[in-house]
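Trainee: I've got this one open and I'd like to go slowly over a single part of it. Could you walk me through it, then show me how the rest looks around it?

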Amino acid sequence: MRVKPHDTGETAASPRPAAPGGAFPPPFLPGWDMEFHTRLDSTNLQAKRRIEEGRAGKLAVIAESQTNGQCRHDRLWESPTGKGIWASFILPVTVPLETLPQSTLVLAVAVREAVLTASGVSLRIKWPNDLLGNGKKCCGLLVETAIADHRAPAIPLVLGVGINANQDEADFPPYLRSAATSLALLSGGSVSRAAVLTAVAAGIDRWFARWREQGFAPVREAWLACNGTLGNAIILPDGYGRRHAVAFDLDPSGALLAVTDDGERLRVDSGEIGFPAQRGDP
């Protein structure tokens with residue numbers, strides 16, 4: 001279903017710019033309502049506002065540019081106009097509360113598969129929420145919950161997806177050029193943002209249904225097959241002392257297993273790992 005562009009707060013409704021592969025966004029996303037903004041503070045913030053207003057059901061919030069794109073730890077995501085895919089998907093889920101942290105890994109598998117299908121670019125997953133190409137960040141994910149009614153049978157997830165699609169190196173600020181890349185840089189040519197977005201929406205539907213019906217095991221199997229984390233030296237998250245370690249497995253719940261330089265084995269449930277400086281830390 002197509003929802004007309006809104007003009008509220010930081011938004012500005014205007015004709016959509018042309019993009020390689022057709023107009024962006026596409027006219028519709030099968031199975032999803034859509035809300036398009038030419039300019040927005042943050043698609044995740046807008047999605048949460050819609051939930052607070054009583055929005056029920058699936059909704060894709062898409063922006064041509066963001067002024068306050070959200071990353072983990074309150075950092076900002078660079079969101080230039082006409083170059084990337086900045087979207088948040090409201091998806092009600094019925095899963096046990098204790099499994100909700102797995103949703104980030106489900107999203108990573110879904111988006112990685114969608115990007116490969118639509119662009120031919122094979123990215124690797126950095127636990128828990130980044131997709132890398134040649135060791136550089138190409139896609140960032142942010143999953144948030146927004147429980148407006150604790151009596152509701154489903155939990156509304158906000159699945160934030162930021163994909164660097166058609167940026168050239170010059171489009172990135174100098175401080176990001178060693179750590180960020182785009183699908184265009186990785187593939188050697190422009191990609192269809194409409195095709196990638198359509199594939200992402202379909203992938204979210206497919207993988208979250210599979211998670212709900214079959215549990216985490218198939219997600220873990222897919223994650224293991226395309227991760228860029230295991231076997232690598234990492235820097236542990238703040239809550240684990242920022243020590244150096246090597247990641248060696250993903251446990252059945254989605255936690256990262258690592259062994260420190262002094263031989264201590266750790267189960268990392270949350271936080272953001274880094275890679276040593278020689279690889280770049282996207």
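Trainee: What order do the strands take in the open sheet of 4 strands, and what kind of pairing does it have?

Mentor: Quick housekeeping before the sheet. This is a predicted model, where local features need pLDDT of at least 70, side-chain atom pairs count only at pLDDT 80 or more, and totals for chains, interfaces and linings use all residues. Residues are numbered from 1 along each chain as its sequence is written, and side-chain values use heavy atoms, leaving out hydrogens and water.

Now your sheet. The order is 10-11-12-13, and the pairing is antiparallel. Strands here are DSSP runs of E with at least two residues, helices are H or I runs of at least four, and both are numbered from the N terminus; two strands pair if DSSP finds at least two bridges between them. At the edges sit strand 10 (233-235) and strand 13 (265-268), each pairing on one side only. From one strand to the next, the twist averages 45°; axes are lines fitted to C-alpha atoms, for helices over the stretch in contact, and angles run from 0 to 180 degrees between N-to-C directions.

Follow the bridges across. Strand 11 (residues 244-250) pairs with strand 12 (residues 256-260) over 5 antiparallel bridges, and alanine 247 has alanine 258 as its bridge partner in strand 12. On the strand 13 side, alanine 258 bridges to leucine 266. Strands 12 and 13 run antiparallel and are joined by 4 bridges. They form a hairpin with 4 residues between them, and glycine 263 in the turn has a positive phi of about 95°.

In a regular strand the side chains alternate between the two faces of the sheet. Strand 13 shows it nicely: Leu266 and Val268 point to one face and are buried, while Arg265 and Arg267 point to the other and are not. Buried means under 20% relative accessible area, exposed over 50%, partly exposed in between, with a 1.4 Å probe and protein chains only.

Now the helices that come before it. Helix 4 (residues 193-214) packs on helix 5 (residues 217-225) at about 130°, with the axes 8 Å apart. That makes helix 4 oblique to helix 5: under 35 degrees is roughly parallel, over 145 roughly antiparallel, 65 to 115 roughly perpendicular and the rest oblique. Trp207, Arg210, Trp211 and Gln214 in helix 4 meet Pro218, Val219 and Ala222 in helix 5, contact being heavy atoms within 4.5 Å.

There is another open sheet, of 7 strands, ordered 1-2-5-9-8-7-6 with mixed pairing. Strand 1 (33-37) and strand 6 (124-126) are at its edges with a single partner strand each, so one side of each has no neighbour in the sheet. Direction ignored, its neighbouring strands are turned by 20° against each other on average. Strand 6 pairs antiparallel with strand 7 (residues 130-133) over 3 bridges, where isoleucine 125 has leucine 131 as its bridge partner. Helix 2 (residues 103-119) lies across strands 6, 7, 8 (136-145) and 9 (155-164), at about 140° to strand 8.

For a spot inside, try valine 61 in strand 2 (residues 59-63): valine 61 is buried at 0% relative accessible area. Its C-alpha is 5.5 Å from that of alanine 87, 26 residues away along the chain. Overall, the protein has 5 helices and 13 strands, and 53% of its 282 residues count as buried.
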